[in-house]
Amino acid sequence: MGNQVADSTNQKRVLLVEDNAINQQVASGIIKRCGLQVDIASNGLQALETLGKNSYDLVFMDIQMPEMDGFETTRRIRSSEDGTLPRAIPIVAMTAHAMQGDREKCLSAGMNDYISKPINKKELVDILEKWLQQQMDPSSAPGGDAPGNARDFPEISGVSVQEGLSALDIDHDTYRTLLLSLRDDARLALGKLAELVASNAIADVEKLAHRLAGTAANLRAFQLMDAAKNLELATQQGGFNGEQLGTLEEALRSYVKAVEILEAGKPENTGVFDPQSAGLILEKIAMLVADSEFVDANIINRLEHALPSRVAPDELAKLKKCLQNFAYDEAKGLIATIQSELTALYPTREL
């Protein structure tokens with residue numbers, strides 16, 4: 001089955017290979033609004049496993065990922081000779097690397113096309129139309145919320161709200177959820193940076209800076225993006241100095257403070273549940289657990305408030321205890337159960 005392209009008489013199916021939970025939400029949301037089915041793999045190894053089990057019409061492939069990067073994943077797909085992988089499937093590179101040489105490297109690795117980050121709805125839709133050979137109209141997809149107008153959204157220092165809403169073509173609630181999710185990442189990054197610098201883990205500093213730069217770029221948080229990108233480039237060139245590190249730390253603090261306006265005046269628990277936010281928060285927790293990272297209590301509280309009470313209440317209680325006790329092996333199974341039940345009960349929402 002793995003060597004076949006998905007049946008053209010059915011709904012087109014796309015595999016998104018991306019390790020960043022916020023970027024997953026942004027890209028998959030646009031793809032879903034085009035009326036397509038989308039599955040997500042968080043690294044190259046997961047992508048190979050998924051492609052061996054299911055049929056797809058198109059793959060979007062991130063380049064920098066843990067476990068196995070996009071180049072190696074593509075090479076393995078193209079060189080497969082046992083029929084388990086779809087050697088001819090169209091693969092589109094998704095990367096923040098915008099230089100001509102990087103484009104050529106992607107094509108040389110066996111990828112068919114290339115799209116730059118930060119993600120832009122129009123560019124992504126154009127790629128879908130090109131490789132799936134059908135007209136896409138994300139505004140007409142059933143169950144989709146109308147895009148937001150920046151005039152009705154709070155101004156946030158360091159964030160181009162107008163560009164974010166326009167380029168991503170998303171509604172206010174989705175954009176607010178994504179910005180607050182980046183706020184959670186920023187808080188965690190502040191502590192993680194200090195830990196990595198103290199242990200002289202330069203490669204891990206580069207990875208963290210790269211992740212922050214990519215996420216901030218997609219959400220058009222340009223001040224944070226610039227600071228993270230500068231630190232990433234410095235590590236690639238052999239090291240960084242205290243000024244570059246301090247600039248990123250200040251940008252992280254500034255961003256955390258700037259987005260407080262999105263929660264201003266709102267009670268801690270409004271009683272209004274949000275399955276979409278819950279899905280995103282679950283993805284974030286799953287990624288932290290997979291990397292054996294600390295899960296902040298604020299993230300757990302946000303999940304509890306966003307998750308509808310009818311969705312796996314016993315599993316949620318057990319998950320909170322597992323996360324508090326760092327019982328991550330058990331936590332992985334609980335997260336999967338909650339995600340499955342959330343999707344089953346709210347199938348029309350973009351989780």
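In the predicted model, both Asp-185 and Lys-284 are buried. These two residues form a salt bridge with each other, in which the closest N and O atoms are 2.4 Å apart. Because Asp-185 belongs to helix H7 whereas Lys-284 belongs to helix H11 (residues 275-290), the pair ties together parts of the chain that are 99 residues apart in sequence.

Helix H7 also contributes Asp-184, whose side chain meets that of Arg-302 in a salt bridge with an N to O distance of 2.2 Å. This pair likewise links distant parts of the chain, since Asp-184 lies in helix H7 and Arg-302 in helix H12 (residues 297-306), 118 residues apart. As with the pair formed by Asp-185, both partners are buried, Asp-184 as well as Arg-302.

A further salt bridge joins Lys-121 to Asp-169, with the closest N and O atoms 3.1 Å apart. Lys-121 is located in helix H5 (residues 121-132), while Asp-169 occupies the loop between helix H6 (161-168) and helix H7 (172-198), so that this pair connects parts separated by 48 residues in sequence. Asp-169 has a relative accessible area of 13% and is therefore buried, given that the term applies to values under 20%.

The pairs described above are among the 18 salt bridges that a search of the whole structure finds. Salt bridges also occur as a network, in which Glu-18, Asp-62 and Lys-117 are linked. In general, side chains of opposite charge can pair when their charged atoms come close.

Beyond its part in salt bridges, helix H7 packs against helix H1 (residues 21-33), the axes of the two helices coming within 10 Å and crossing at roughly 165°. Because angles over 145 degrees count as roughly antiparallel, H1 and H7 are assigned to that class, and their crossing is left-handed. On the H1 side, the contact involves Ile-22, Gln-25 and Val-26, which meet Leu-178, Ser-181, Leu-182 and Asp-185 of H7. Grouped by class, the residues of this contact comprise 4 nonpolar, 2 polar and 1 charged. Asp-185 thus appears in two settings, as a residue of H7 that takes part in the contact with H1 and as the salt-bridge partner of Lys-284 in helix H11.

Notes:
Residues numbered from 1 in each chain as written. Predicted model: local features only at pLDDT ≥ 70, side-chain atom pairs only at ≥ 80, totals over all residues. Heavy atoms only, no water. Salt bridge = Lys/Arg side-chain N within 4 Å of Asp/Glu carboxyl O. Helix = DSSP H or I, 4+ residues; strand = E, 2+ residues; numbered from the N terminus. Buried < 20%, exposed > 50% of the residue type's maximum accessible area, 1.4 Å probe, protein only. Axes fitted to C-alpha atoms, helices over the stretch in contact; angles between N-to-C directions. Parallel < 35°, antiparallel > 145°, perpendicular 65-115°, else oblique. Left-handed = near helix turned anticlockwise from the far one by under 90°. Contact = heavy atoms within 4.5 Å. Nonpolar A, V, L, I, M, F, W, Y, C, P; charged D, E, K, R; others polar.
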